[in-house]
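Colleague: Got a minute? I'd like to go through the holes and hollows in this one with you.

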Amino acid sequence: MPLPAFVQEDLKSIELPQLTYYGHTANLDMLERSASSGLINGLFDSDGKLRRVALLSVYEGNVYESLALTLWRTTLPAHTLKLGPTVEADDAYKHVEFIEINFFNSSTERLRIPLDAQWGTHLRWRGPGYQDSGGFRYISLADVWDGKVNQKDLQGKVAFWGSTSVGLMDLRSTPVNPSFPGVEIHALSYAGLSDQAFLVAPGFAMGWEVLSLCLLGLIWILGLR
């Protein structure tokens, strides 16, 4: 496992998400040692579609960052990372609502990344993905290996290495495409962090949806009569 972002001692009086993990599949040792790494857990809704990714995940009492979050943080100036709980009574658990990043060279500048109840964030889609015109440029790794790609096409860029082959089982069902490349999901997550552009479901979203369904149902009943 990579180094945790927060250990158990950092999580006192903090309400952990209901979704925790009891096992993991790791990189090869040589890859794990060569660079910072992160988790690639997706958050699937009840209809089986992926709309969110977990920015933080809990495993054996420690909190680990996602691949997109840890990669994005390597591009930032020196900073600290903390969880932003709401203010509760002293004897109550604190509910985490955001990740806060404070920069060492600034006493006022900080970034806040909103989190949902599962410590995830919604993806901002850029199209159906890959062959159906996604929001990113795809370059064949074989072409890179064979020297067919101009180095300027990759200089100063952040590249995600992944597979779009059906047989390697890294395709995900999403609202925009039933076979969306998993690697592009992490690119979307990174882009959201880099652009500081987040889709946030407010606390009243569930109540509003239920009320809307009731009103629509009433309109249909009266209309059909």
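Modeller: Sure. Bear in mind that this is a predicted model. Let's start with the second largest pocket: 24 residues line it, and Arg137, Tyr138, Ile139, Ala159 and Phe160 lie nearest its centre.

Colleague: What volume does that second largest pocket have?

Modeller: About 900 Å³.

Colleague: And which helix gives the most to its lining?

Modeller: Helix 4, with five residues. Helix 3, residues 141–145, also supplies at least two residues of that lining.

Colleague: How does the lining of the second largest pocket split by class?

Modeller: There are 15 nonpolar residues, five polar and four charged.

Colleague: OK, on to the largest pocket. How much space lies in there?

Modeller: About 1,300 Å³. It has 37 lining residues, and the closest to its centre are Asn27, Gly38, Ile40, Leu67 and Trp161.

Colleague: Which helices and strands each supply at least two residues of that lining?

Modeller: Helix 1 (29–34), helix 2 (67–73) and helix 4 on the helix side, plus strand 2 (42–44) and strand 3 (50–54). The largest share is four residues, and that comes from helix 4.

Colleague: How many charged residues are in the lining of the largest pocket?

Modeller: Three, alongside 19 nonpolar and 15 polar ones.

Colleague: Changing topic: how many cavities of 30 Å³ or more does a search of the whole structure find?

Modeller: Two. The largest cavity holds about 60 Å³ of space, and the second largest has a volume of about 30 Å³.

Colleague: Which residues line the largest cavity?

Modeller: Val53, then the run Thr121, His122, Leu123 and Arg124, then Leu188, Ser189, Gly192, Leu193, Ala197 and Phe198. Helix 4 (182–195) and strand 9 (120–122) each supply at least two residues there, with helix 4 giving the largest share, four residues.

Colleague: And by class, how do the residues lining the largest cavity divide?

Modeller: Six are nonpolar, four are polar and one is charged. Arg124 is that charged one, because Arg counts as charged.

Colleague: What about the second largest cavity, which residues line that?

Modeller: Pro17, Leu19, Tyr21, Leu43, Ala54, Leu56, Ser57, Val58 and Gln118. Strand 4, residues 56–59, provides the largest share of that lining, three residues.

Colleague: How many charged, polar and nonpolar residues does that lining have?

Modeller: No charged residues, two polar and seven nonpolar.

Methods:
Residues are numbered from 1 along each chain as its sequence is written. This is a predicted model: local features need pLDDT of at least 70, side-chain atom pairs count only at pLDDT 80 or more; totals for chains, interfaces and linings use all residues. Side-chain values use heavy atoms; hydrogens and water are left out. On a 1 Å grid over the protein atoms alone, a cavity is a set of points where a 1.4 Å probe fits but cannot get out, and a pocket is an open set with protein on both sides within 12 Å along at least five of seven lines; lining residues have an atom within 4 Å of a point. Grid points are joined across faces, edges and corners, and a volume is the space filled by probe spheres set on the points.
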